[in-house]
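Visitor: I am new to this structure and would like a close look at a single part of it, the nonpolar core. Please take me through it slowly, and then show me what lies around it.

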Amino acid sequence: MRVPEKGMPKEEIFKTLESYKGKDLDWKSGRVLGYIYYPGQKAHDVIDEAYTMFLTENALDPTTFPSTLRLENEVVGMTANLLQGDQQVVGNFTSGGTESLILAVKTARDYARATKPNIKAPEVVMPVTAHASFYKAAHYLDVKPVITPVHDDSFLADVGAMRAAITDDTILLVGSAPGYAHGVVDPISEIAELALENNLLCHVDGCVGGIHLAYMRKLGYPVPQFDFSVPGVTSISADLHKYGYAAKGASVILYKNKELRKHQIFACSRWTGYTVINAAVTSSKTAGPMAAAWAVMNYLGDEGYMEIVREVMEATRLVIDGINRIDGLTVLGEPNMCMFSFASTSKNINVYRLADALRNKGWYVQPQFARANSPANLHISMNRSTVDQAEAFLKDLQQTIEALKQEEISDEARKLHAELDKLSIKFDDQTFLKLTEMAGVTGTELPDKMETINQIMEVLPYDVSEWILIEYLNNLMVPGKHA
Ligand SMILES: Cc1ncc(COP(=O)(O)O)c(C=O)c1O
């Protein structure tokens, strides 16, 4: 691979880029039941224009580009207001949920360093349903995640277990509103009360749900308390690039006050170059996402968001009820908003096979492994683009289930597990090759059938499956592989 000696004509550039999209999921079809949050063409055009208008402005330096400071403060202010923050609440714009959560953990760590210097090995207590990004934050920041169980059937955080997990080294308690996997809102009031009792910080991960839940509440839907109205909540993350329907690269991290937020900020004036002062992780950054987020929030307004939320909630009810009516499937827990997961109640239905079969019909649903007390399941996040497809989905799902029930029950899974049991797993090339061969992938290509891969990944010890994933990606992300 090299930069072409002579530049390509614009037409060819876009023809080529379009062709690269060839194998991507067709999200405009409304059949991609995850990853995508699309507010409709008109709002999309506004986002597009605002993003492009601020593409080149560098939000690294608000003294040079004061517009970026204004945009950030206004977007943060609107988000804080939705989450019932008072005048003391401050926050920042970040590139996404992961950056917001890394910052929340970093702030908690550095606040503890300043206020509880006796803590040498800080711990974050979080339910097993907390997002993977907390593990990433803990990994990057050398903080220990202490994992607590969730209740059977409801998948809600077990606050008693969180209480028992608190030690002298605890710095932060975490609750999700809602957790991604099952779409249920943890008992935030109880978690925050526990934090208050123990003089701890309490972060609410409202990345996926914060904005949607705020509008559900405005519409009069029953919504558990989850935001700054709850005493003891000290920080909240809310992604605008999810149910805020902004362009990707848009999240907000909020803190109860400036005293806490100051532990997030980094400054460096001791090197030979320009002065660095960053509120978030990234330095140089396009102001496009913040302009786009500002634009969509102002374009939709409360009315626009409420219309979307109402439509999406009606479609969600339809799909949840429809799935529960299908013999052999059940929705897990009692989802609070428009995201949920469903599992199989029949030996004949393997959810990973079901996901592949649905994929062949143009639907994307997301497999989630059996972990803790959560069985293997398929996840769905509804959004505006999926509303019109709700009935079509249920029809295809029903038909696919009927077809799967006719298939002979394969004992492939049992054979795979027996083979895995025999394998003495070492972290070496041979084991990697053996496992990828069993999964039916070459290790350097993107697979199109996921059933076997999912079955293997589900049962491997976590350190092995994570090692395999790292090796696999390391092999995949090599220039020229997809030439
Ligand atoms: C609850 C929750 N937290 C954090 C994240 C991470 O967000 P991102 O993918 O924007 O980094 C997600 C993503 O779905 C989420 O659902």
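**The nonpolar core and its surroundings**

Guide: In this predicted model, the largest nonpolar core has 124 residues, and within this core Val 105 and Ala 292 are the residues with the most contacts. Helix 10, which covers residues 288-325, provides the largest share of this core, namely 16 residues. Apart from it lies another core, made of six residues, including Leu 435, Ala 439, Ile 456 and Val 464.

To look more closely at Ala 292, one can leave aside the residues up to four places away in sequence, and what remains is a set of contacts with Ile 47, Ala 50, Tyr 51, Ala 246, Ala 247 and Ala 250.

It also helps to place these residues in the wider division of the protein, which has a domain 1, spanning 50-296, and a domain 2, spanning 412-476. The C-alpha centres of domain 1 and domain 2 are 34 Å apart.

From the core one can turn to the ligand, where the surrounding residues include Gly 96, Gly 97, Thr 98 and Leu 101, together with others such as His 131, Ser 176, Tyr 180, Asp 205 and Asp 239. Helix 4, which runs over residues 97-115, gives three residues to this shell, the largest share. Sorted by character, the shell around the ligand holds four nonpolar residues, six polar ones and two charged ones.

A few places in the backbone also deserve attention. Most peptide bonds are trans, and most residues other than glycine have a negative phi. The bond that leads from Ala 177 to Pro 178, however, is cis, with omega near -10 degrees, and Pro 178 sits in the loop between strand 4 (170-176) and helix 7 (188-197).

Phe 155, although it is not a glycine, has a positive phi of about 60 degrees, and its place is in the loop between strand 3 (144-148) and helix 6 (159-165). Because 26 other C-beta atoms lie within 10 Å, Phe 155 counts as buried.

Asn 199 is likewise a residue other than glycine with a positive phi, in this case near 55 degrees, and it is found in the loop between helix 7 and strand 5 (201-205). Asn 199 has 9 other C-beta atoms within 10 Å and therefore counts as exposed, whereas Phe 155, as described above, is buried.

Methods. Residues numbered from 1 in each chain as written. Predicted model: local features only at pLDDT ≥ 70, side-chain atom pairs only at ≥ 80, totals over all residues. Near = placed C-beta within 6 Å. Helix = DSSP H or I, 4+ residues; strand = E, 2+ residues; numbered from the N terminus. Nonpolar A, V, L, I, M, F, W, Y, C, P; charged D, E, K, R; others polar. Core = buried A, V, L, I, M, F, W, Y, C linked by C-beta atoms within 7 Å. Buried ≥ 20, exposed ≤ 12 C-beta atoms within 10 Å, placed from the backbone. Contact = placed C-beta atoms within 7 Å. Domains from an automatic or database assignment.
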